[in-house]
Amino acid sequence: MKLPLLALCLLASALTACRRADESGAAPAADGTLGLPPLTVPHAAVPSPAQVELGRKLFMDRRLSYNDTMSCAMCHVPEQGFTSNELATPIGFEGQSLRRNAPTLLNVAYVQRLFHDGRENSLENQAWGPLLATNEMANPSADHVIGKIKALPDYRHMFEFAFNGREADRETIGAALAGYERTLLSGDSRFDRWHYGQVKTAMNSNEQAGFCIFSGKANCIACHSMDKNNALFTDGRFHNTGVGWLAGTEKAMAMRAVQLAPGLRVTMDERTLQSISEAASSDAGRYEVTHNAADRGSYRTPTLRNIALTAPYMHDGSLATLEQVIEFYERGGKDNPGKDALLKPLHLSTGEKRDLLAFLRALTGDNATSLAVQARAAASGGNTIESVRDLAIEERGLLGKP
Ligand code: HEC
Ligand code: HEC
């Protein structure tokens, strides 16, 4: 007997991950974390509210760069899903462009291997990378940054309040920034409410069909993986999709309009750009870390949470829209000697691509806007020495310490 196609798909949904997690019993969380795994950080790394508030202020502060122009938030823009939407690869110190796209910092607390090539595993250490990189915030040394922060009147006593009497130093600056980053948790998307929260109406029929394609016919789930009770949509591993092999012309087109700072744009000719940019083609991906030939052109599988907010896509920002990403996978990625065997032409219909897109757009967390608003409040003086001191006092009270 031949089953009609629809019945087959329904049968498949009943048997595979495509179905909602009806038996999981996950209760909707009120704090924006529905669908996220429990966070396991070493106890010492659990940030206190005062540390978070200090970290947020540091994150937003342009004075952390050598010439007072560049903050973390200028590449990881809070309103742009904590990445940069305008540019394939962001512009750092004095207009120098970086070779890779800025990853979102939403849910970075779960990332075990940081950067597109996984070369770092501690958020505390990572923060010192951009602070000292000559093409990012360009400080000559850690001591320079520490001395500068100590001399800024608005930071006076803030570290002591947040870190039990300790001053600004290499560790406390790293801990404050990392502590803040670990609070950028964003689950509770419409998908989470449908799948884990069991709210039948949270996703419409196109989005539901899109999930079926994601976890079935297109097999995106093989790398952008999910667990029974939660999902990060990444296997945390490295794969060669062929993005690094895309035609250089597309990258060149994307780089012509250059943003020096928010609101400040210039157009540069190709030659000038080449002279100040690192050549994108010099990127060997995971190979740069392992020196294993099989890792050439492999990059970390990114999360797909909040994906609608974090264009452009891929390690080099070479795909501007989610439609382009879907077309890329439709073709089976870009052929090259090391391409992952999982990637094959998908033969999706126009309707299936539309549904897959609708599903990806249902992965935006409800609190993404409020996290951006909180960050901006810090930038405009929202966190002050008084608020950090009050938090520190409140905390000690809660902990029963003097
Ligand atoms: C000039 C732009 C720029 C600035 C400024 C900047 N970053 Fe980044 N950030 C990037 C880029 C690009 C990457 C990816 C680099 C790579 O993978 O090689 C990145 C990666 C990261 C990552 C790793 C995320 C992941 O998913 O692996 C973290 C965390 C991070 N930045 C935090 C910060 C902090 C904290 C600051 C401020 C102290 C900062 N960044 C300043 C551009 C920037
Ligand atoms: C073989 C593993 C694999 C499969 C299968 C796969 N992906 Fe990916 N995906 C990756 C990797 C690795 C990257 C990062 C590539 C890069 O940075 O160059 C990525 C990147 C992406 C991005 C860009 C994320 C960002 O923040 O830049 C999107 C969107 C995406 N994939 C969606 C999909 C969809 C939709 C499917 C199914 C049609 C799919 N992926 C199938 C491994 C995979």
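1. Classes used below. Ala, Val, Leu, Ile, Met, Phe, Trp, Tyr, Cys and Pro count as nonpolar; Asp, Glu, Lys and Arg are charged; the others, Gly among them, are polar. On that basis the shell around ligand 2 divides into 17 nonpolar, 8 polar and 1 charged. Note that this is a predicted model.

2. Overall make-up. The chain contains 16 helices and 4 strands. It has 402 residues, and 43% of them are buried. Take the contacts in the chain with a separation of 6 or more: 73% of them join residues 24 or more positions apart.

3. Ligand 2. The shell holds 26 residues. C220, C223, V243, Y313 and H315 are the closest. Which helix gives the largest share of this shell? Helix α13, residues 322-330, does, with 3 residues.

4. Ligand 1. Here 27 residues surround the ligand, and C72, C75, G92, F115 and P130 come nearest. Two or more residues of the shell come from each of α3 (123-126), α4 (128-132) and α7. By class, the shell around ligand 1 has 20 nonpolar, 4 polar and 3 charged residues.

5. Largest nonpolar core. In soluble globular proteins, nonpolar side chains tend to be buried together. In this chain the largest nonpolar core has 46 residues. Within this core, A162, A176 and L177 touch the most other members. At least two core residues come from each of α2 (49-60), α5 (142-151), α6 (158-162), α7 (170-181) and α15 (368-379). A second core is separate from this one and has 30 residues, including C212, F233, A311 and L319.

6. L177 in detail. What does L177 touch, leaving aside its neighbours within four places in sequence? The contacts are G55, L58, F59 and A127.

7. Helix pair α2 and α7. The two axes come within 7 Å and cross at roughly 95 degrees. Angles of 65 to 115 degrees count as roughly perpendicular, so α2 and α7 fall in that class. From α2, the contact uses Q51, V52, L54, G55, R56, L58 and F59. From α7, it uses I173, A175, A176, L177, G179 and Y180. The residues of this contact are 9 nonpolar, 3 polar and 1 charged. L177 appears in the α7 list, and it is also among the residues that touch the most other members of the largest core.

8. Helix pair α9 and α14. Helix α9 covers residues 205-215 and helix α14 covers 350-361. Their axes come within 7 Å, with a crossing angle of roughly 100 degrees. This pair is therefore roughly perpendicular as well. The α9 side of the contact consists of N206, E207, A209, G210, F211, I213 and F214. The α14 side consists of E352, R354, D355, L356, A358 and F359. By class, the contact of α9 with α14 has 7 nonpolar, 2 polar and 4 charged residues.

9. Cis peptide. Which peptide bond is cis, with omega near -5 degrees? The bond from A311 to P312 is. P312 is in the loop between β4 (299-300) and α13. A311 is also one of the residues of the second core.

10. Positive phi at D188. Phi of D188 is near 50 degrees, a positive value in a residue other than glycine. D188 lies in the loop between α7 and α8 (190-195). Is D188 buried or exposed? It has 24 other C-beta atoms within 10 Å. A residue with 20 or more is buried, so D188 is buried.

11. Positive phi at H347. H347 is a residue other than glycine whose phi is positive, near 55 degrees. Its loop runs between α13 and α14. H347 has 10 other C-beta atoms within 10 Å. The limit for exposed is 12 or fewer, so H347 is exposed.

12. G95. This residue is in the loop between α2 and α3. G95 counts as partly exposed because it has 18 C-beta neighbours inside 10 Å. How far apart are G95 and E136 in sequence and in space? They are 41 residues apart in sequence and 9.4 Å apart in space, C-alpha to C-alpha.

Definitions and conventions:
Residues numbered from 1 in each chain as written. Chains lettered and ligands numbered in written order. Predicted model: local features only at pLDDT ≥ 70, side-chain atom pairs only at ≥ 80, totals over all residues. Core = buried A, V, L, I, M, F, W, Y, C linked by C-beta atoms within 7 Å. Contact = placed C-beta atoms within 7 Å. Near = placed C-beta within 6 Å. Axes fitted to C-alpha atoms, helices over the stretch in contact; angles between N-to-C directions. Parallel < 35°, antiparallel > 145°, perpendicular 65-115°, else oblique.
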